[in-house]
Amino acid sequence: MDSRPPPPPLPKRRLTALDWLLFGLVALGIGLVVWRVNAVLVYDWNWPRVFGFVARFDEERGQWVANLLLQGLLTTIRLAFWGTILAALIGLVMGWWRTCDSLALRIISRTYVELIRNIPPLVFIFIFYFFIASQIFPAIGLETINTKSPWVDNTAFRIAFGDPALFTNFLSGLICLALFEAAYITEIVRAGIQSVPKGQWEAGRAIGLSPTSLLRDIIFPQALRKILPPLAGQFITLIKDSAIISLISVQELTFLATEVAASTTKVFETWILVGGMYFALCYLFAFIFARLERRAGRSARQET
Amino acid sequence: MSETPLVEITGLCKWFGEFSALWDINLSVMRGEKVVICGPSGSGKSTLIRCINQLEEHQKGSIRVDGQEVRPGMKGIEKIRREVGMVFQSFNLFAHMSVLDNLTLGPVRNRGMAPAEARELAMSYLEKVRIAEQAAKYPAQLSGGQQQRVAIARALCMQPKLMLFDEPTSALDPEMIAGVLEVMEGLARDGMTMIVVTHEMGFARRVADRVVFMDKGEIVETAPPEAFFGAPRTARAAEFLSQLLAH
Ligand SMILES: Nc1ncnc2c1ncn2[C@@H]1O[C@H](COP(=O)(O)OP(=O)(O)OP(=O)(O)O)[C@@H](O)[C@H]1O
Ligand SMILES: [Mg+2]
């Protein structure tokens, strides 16, 4: 057994001449478009002007500070972070309600999902924004919070939620976004719960598990493994959809980019740069999720 | 020894939609008794034992387990289920948990047992079903016979008063069956009350106090195993047995 040689290497996949030709054609196509744009459009590219809106040197404080675009990106990251958590929580509860025994809870969650899925996101956000911002927030006293109090105006708060003065604005956008995306997560969670074989439910009931324990110990862990890929997709969609929140004046990346593009008139540079920022953010998220999936996949392989 | 039966079923009827799956079932099982249920496919054997722990809800009649009435949609059904172990044809081990975790979940969650104590209990039952060395593996890494023995150990970990078996060997390869039946026979010797749906005649002869023959949702005949397998009283049972032997 020890005398057997190690395996010879398998042939590597290389790019063939045909692949290079294909690349060449794509590059040529892009070059052609760029050349046409330059030829037809009399456009004065000015990247430094737009880069100045990412960060600028503050003469008074003698240090670099975030300018509009970076501030917007940070707000978008905050929206993505809290939005993901909030949407996951709502989606989890609603998804469970969709499958539970109580008819009332099933009707409530079903209505929620159907309402949101059948209204354009923009319309939903307008309706909801004017409802929350103009009715609910004053009713629960959020409008009257002292934004200068040390409870609110501290570093931790600023890192988590941004400028305290803009907090109610941020919060209404966040809730809109989370409620909207959670409807889709609800359906993913429902499908995950229903994908767990009947035998697993029955075995859990047969040993006398309480309904809570059955869900927490048996059903959710198995469902989660199955729904990780669509869930990852939905979270990335959430980041991209956060751009819509700009229409209710939440000062996130798209909103501030609109201002920068308007004031500098450097429309192309601004939007190309902002596109790159969104891409980086979404790609990072996808990368993290792919790693999570691989880890879940490893333990799942062990189990099957 | 003339106390109340552990399981007392009277006038039990069960429908699936319009279809009558069980009709006027009367059956009492005393403590320590072993009852084998057999009958053709679709005769309602599974439905009957699944009504006992309310995996199926019945519409009419009464089921009492250890003196307590079992009603559809009742509160506290979990308490009764903890006294009633069940073993399924398709094992139904929790796929995302190791063998050991499969066993300890019930005692820890339902009885509030300390994890270390539960592990000890679990290992003792794994020993009993002769599979202790597989404790760290996942269900999918075990053979069918091993999985079924783990499933039996999982049910025993709740230290039930009654064990229900629904065709525990019919999904197994022939060479796996003996090991599972051996474990069940050992359990019978220890005095467990058992209701077993099976077509294993040898097992029924060795273990059963009574054989219950069902057809079309009714109990057609009840007899000791020698009498039933030797000379069935009803034509339907005779026909069923001749088909079973033809295999
Ligand atoms: N959930 C269900 N919905 C509708 N009909 C059902 C359901 N479960 C069982 N039945 C029907 O009830 C009858 C009895 O089923 P049951 O599973 O109890 O039979 P069985 O005696 O266990 O058969 P087998 O030997 O094939 O396991 C069958 O005709 C079956 O089709
Ligand atoms: Mg059956």
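Contact here means heavy atoms within 4.5 Å. This is a predicted model, in which local features need pLDDT of at least 70 and side-chain atom pairs count only at pLDDT 80 or more, while totals for chains, interfaces and linings use all residues. Residues are numbered from 1 along each chain as its sequence is written.

Q: What makes up the contact of chain A and chain B?
A: By that cut-off, the contact takes 22 residues from chain A and 24 residues from chain B.

Q: Why is the pairing of B:Arg50 and A:Glu202 called a salt bridge?
A: A salt bridge is defined as a side-chain nitrogen of Lys or Arg within 4 Å of a carboxyl oxygen of Asp or Glu; the side chains of B:Arg50 and A:Glu202 meet at 2.7 Å, N to O, so the pair satisfies the rule. Across the interface of chain A and chain B, the rule finds 2 salt bridges.

Q: How do you know that A:Glu187 and A:Arg98 tie together parts that are apart in sequence?
A: Their side chains form a salt bridge of 2.9 Å, N to O. Because A:Glu187 lies in helix α7 (residues 167–195) and A:Arg98 in helix α3 (residues 68–99) of chain A, the pair ties together parts 89 residues apart in sequence.

Conventions:
Chains lettered and ligands numbered in written order. Heavy atoms only, no water. Helix = DSSP H or I, 4+ residues; strand = E, 2+ residues; numbered from the N terminus.
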